[in-house]
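Let's take a walk through this fold together, strand by strand. Please have the sequence and the 3D view side by side.

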Amino acid sequence: MSAANGWGPVERDACNGKQAAGDGTPISLGGTTYAKGLGVHAPSEIVYHLGGRAKRLTARVGIDDFSAGQSAAGGVRARVSGDGVQLFDSGTLTAAGGPKSVDVDVTGVQILRLVVQDANGNGSYDHTSWAEALVRV
């Protein structure tokens, strides 16, 4: 339904870049490269209409290796909500702490939101990836 991003485009299958869509590096979290997913820069919000037809959302979310390679100063918080109800909260994510797994029940959810916010007040090095983000029907 919508995609808002701190700067640059929301990238499909790549880390968020500074220029046009498609200029980001491959999604990589903790040294593992993923073929699919979303790359964003905090703050971001991606909204999907599921129409109550989905069952589960799964993903790995964390500071992308691209950002971690620039500096260890990044810190974000990733949240998932369905119809206004919080389904997942990562707590603070850093490159050193690695990514977290997301596996939430979205049965009956109409509107799904994936939100990434700055978690340490500096707004830098906050490239975040939702690797292998899949909605199962």
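A good place to start is Leu 57, whose bridge partner in β10 is Val 104. Before we go on, a word on the ground rules: this is a predicted model, in which local features need pLDDT of at least 70 and side-chain atom pairs count only at pLDDT 80 or more, while totals for chains, interfaces and linings use all residues. Residues are numbered from 1 along each chain as its sequence is written, and side-chain values use heavy atoms, with hydrogens and water left out. Strands here are DSSP runs of E with at least two residues, numbered from the N terminus, and two strands pair if DSSP finds at least two bridges between them.

Back to that pair of strands. β7 and β10 run antiparallel and are joined by six bridges; Arg 56 also takes part, with Asp 105 of β10 as its bridge partner. β7 pairs with β12 as well, again in the antiparallel sense, over seven bridges, and here Thr 58 has Leu 134 as its partner in β12. These strands belong to an open sheet of five, ordered β2-β5-β12-β7-β10 with antiparallel pairing. β2 (11–12) and β10 stand at its edges with a single partner strand each, so one side of each has no neighbour in the sheet. As for β7, six of its eight residues are buried (buried means under 20% relative accessible area, exposed over 50%, partly exposed in between, with a 1.4 Å probe and protein chains only).

Now turn to the other open sheet, where five strands pair in the antiparallel sense in the order β1-β6-β11-β8-β9. Its edges are β1 (2–4) and β9 (85–93), each with a single partner strand, so each leaves one side without a neighbour in the sheet. Within this sheet, β8 (residues 76–82) and β11 (residues 111–118) are antiparallel and joined by seven bridges. One bridge to look for is that of Val 80, whose partner in β11 is Leu 114.

What do the side chains build? The largest nonpolar core has 23 residues, and those with the most contacts inside it are Leu 57, Val 80, Val 102, Val 106 and Trp 130. (A nonpolar core is a set of buried Ala, Val, Leu, Ile, Met, Phe, Trp, Tyr and Cys residues joined through side-chain atoms within 4.5 Å.) Two or more residues each come from β5, β7, β8, β9, β10 and β11, and β7 gives the most, with four.

Leu 57 and Leu 114 turn up again among the residues lining the largest pocket, together with others including Arg 12, Asp 13 and Lys 36. By class, that lining has seven nonpolar, one polar and three charged residues (Ala, Val, Leu, Ile, Met, Phe, Trp, Tyr, Cys and Pro count as nonpolar, Asp, Glu, Lys and Arg as charged, and the others, Gly among them, as polar). The largest share of the lining, three residues, comes from β12.

Finally, a few backbone details deserve a look. Asp 13, in the loop between β2 and β3, has a positive phi near 65° without being a glycine; at 31% relative accessibility, Asp 13 counts as partly exposed. Glu 132, in strand β12, likewise has a positive phi, of about 50°, although it is not a glycine. Ala 42 and Pro 43 are joined by a cis peptide bond, with omega about 0°, and Pro 43 sits in the loop between β5 and β6.

Note on methods: 1 Å grid on protein atoms, 1.4 Å probe; cavity = no way out; pocket = protein on both sides within 12 Å on 5 of 7 lines; lining within 4 Å.
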